[in-house]
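Student: Please take a close look at one part of this structure for me. I would like to follow a single sheet, strand by strand.

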Amino acid sequence: MGSLLEFARGPLFRFSFTVMVLGLARILFIDIWGAYKAYSKAGDKKMPWQLIRSRGFEWVFPMKRIIRNPHIYSVFSIFFHIGLIIVPIFLFAHINLWKQSVGVSWPALPYHSAMWLTVATIFFAAMMLFWRAFVKSISSLSRGQDYLWLLLLLVPFITGFVCANLSIGAGTYRFVMLVHTFSADLIFLLMPFSKIAHCVLAPLSQVVGALAWKFPPETDHDISLVLNKSRNIEVKG
Amino acid sequence: MRTAIITDEQRKKAFNNSKKPEVLEKQKLNVRYHVEDFDVNDRPRRFLEAFAAILKHSNYRMALDHFSRVAARCSRCTVNCQIYQATGDPKDIPCYRSELLLDVYRRHFTLGGMIKGRLLGSGYLTDEKIQEMAESYWNCTACRRCVLECPMGIDHGLITHLARYILSEIGIVPRALVVSVREQLEGASRNTSAVPVPALKDTLEFLEDDMREEKSVEIKFPTDVENSEYVFFAPVSDYLMEAETLMGIAAVFAVTGDKWTIGTGYFDAINYGLFYNDRVMERVIKNVDEETRRLNGKNVLIGECGHASRVAKNFMPTFCGGRDARPVVSILEYTHKAWKEGRLKLDPDVITEKVVYHDPCNFARNGWIVNQPREVLKGFCKNYVEMTPAGENNICCGGGGGAVSLDEIRPYRTTIGGKMKADQIRKSGAEIVVAPCANCKKQLRELVEDQKLDCRVVGLHDLIYKAIVFDDSMKVGEEEETGREVK
């Protein structure tokens, strides 16, 4: 089991982390390239930058919007995201691994803060799952991956908490740690190919939305030609 | 958890489909709006062909690609959708609606979707899916309020717009809109209400007479004046139904002295293309541009109409010359500027009733025109109140996205679409609702009737017309008022 753990922490981690970085870079590039091409084709190149900025920032710091227009699932989601981002990056044990392997480090969260944040993240993820499963407005929208992602994200948090806080035997510890590491690797591996891609794409949403309303100037001519439609108001299909 | 706020009886009334069975059978389409007969064969293939053509010659692909990757399906958009808030039906959730088209996009226009679909032999576009889209995308009022609440920034309004565009290319589009557009683009009158030029001129003359009698001022509706500062395009229905709005606008120009004109070659601002087809939108906006250039006008001035103003403002540069396109000004901006500069004086003692301002979505959603009309109203209405929410986050009247033109769905519009607005107006206690948009005015008046609200709906310039102060030098004599030949 020890060698499996080393494999998960070593080559597999490097592989999945690389896939994540390259995969996210790829879709980010596709998105930016698409936006650039759209901008080049647009007849009107004046962009509403102020609106894009203000609406974008509203979702980077969403508290104002959440308070103004409460939605329980969103509240859970925000708190969940806080833990989801902060804990893995600023956990002392994780920073230590980075320091040992590549020699870089950064300030870590105090132990108790990290633990409470972990508990909160688990709690909010559980609430999100519950809401997804039992609240009609959300369950009716949910796909398999919406449930699976929450479950998958819960695994490293629960296993991490168990390893850090509970008195368990060495064998159990190694097994739980193995699950912890494998689940993290799997998350990295799947990120670019699922809705989690929003971690890099969401900041571009306002630009994309604004650009999509910037049409190319000869829409009528080009589409009429392709659809072989006369340019009168033919709606007979 | 939310429950529906309309009763089962109201729901039944709102969703009643009065179409004859033989029409439903013939068109193989069960929607509440009327549709002209169209080719029912091979619809999925033709839908995909139209979709492909549009993707190739537009900027929608980039957006669909992005939206289909980031969609988190959190249902937060439910808090801002007045349709869902009224029905409580998951099918009315903006995200659910958007997914109808995004699913087709993923399955047929992305590599992963195509491979998965082929392997599983599933996800093909069917007549049933087209039926669901045809119904769902016309239940939405395209007010874009949900856009404000999407943490992923998905523009559900854009997706509704695109879906309607594709549907229209295979013949699924409300007949009321197509018939109007056909008259506007191919008919002799060149406008959506089929008002001939002689009738327009008669109307304008009649209004001039009215103003002379009421205000003792010689106020003109200049037509075909070349080199004017502003070439004016009103929603043509104003010439039939909104006399006071037009008189208010003419009165404002009378006091400011700016040169404006109405072109008789083309005078309709209405652009239903925004509601269902970009090709139509382009052609209508080009007509507006052509008329402005014919008269060598400096600016395009759009009357009290939300969608027409938005289309002209946002798409004139797109279709009519980019940076060289004629500037577009809304009459609300013009009047506000004149009032700010002190060129327009309004008597604060004329309007004593409780007044509230309704933001037309197409003016307010992107923050374009929010404070300007409010400042003017507060300047002369003693008893001005606000609705909450308002401005960018305003609640749609329920007639947006072309819905108001579909008389056959009035029960839906006033029971479901306008339910939240009706509650909001009732709560404000207003006696006068100011709605500077032809569509909003029609919808709100029907809402007042059907929801038994105790108020009346007017345009901004209707009130301005009542309160406007003319210099004594502008007044004409007694004999001049009664006999035009004296001039």
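Tutor: Here is a walk through the sheet in chain B, and then a step outward to its surroundings. Keep in mind that the model is predicted.

Start with the layout. The sheet of chain B is open and has 4 strands. Their order is 2-1-3-4, and the pairing is parallel. Now look at the edges. Strand 2 (260-262) and strand 4 (328-330) of chain B each have a single partner strand, so one side of each is left without a neighbour in the sheet. From one strand to the next, the twist averages 35°.

Next, zoom in on one pair. Strand 3 of chain B covers residues 299-302. This strand pairs with strand 4 of chain B in the parallel sense, over 3 bridges. Find Val300(B), then look across to strand 4 of chain B: Val328(B) stands opposite.

Now add a helix. Helix 18 of chain B, residues 331-340, lies across strand 3 and strand 4 of chain B. The helix runs at about 70° to strand 4 of chain B.

Step back to the whole chain. Chain B is divided into domain 1 (18-172), domain 2 (188-340) and domain 3 (354-467). The C-alpha centres of domain 1 and domain 2 of chain B lie 34 Å apart.

Last, the partner chain. The contact takes 57 residues from chain A and 62 residues from chain B. On the side of chain A that touches chain B, the elements giving two or more residues include helix 2 (11-41) and helix 5 (72-90) of chain A. By class, that side of chain A has 28 nonpolar, 17 polar and 12 charged residues.

Definitions and conventions. Residues numbered from 1 in each chain as written. Chains lettered and ligands numbered in written order. Predicted model: local features only at pLDDT ≥ 70, side-chain atom pairs only at ≥ 80, totals over all residues. Pairing = 2+ DSSP bridges. Axes fitted to C-alpha atoms, helices over the stretch in contact; angles between N-to-C directions. Contact = placed C-beta atoms within 7 Å. Domains from an automatic or database assignment. Nonpolar A, V, L, I, M, F, W, Y, C, P; charged D, E, K, R; others polar.
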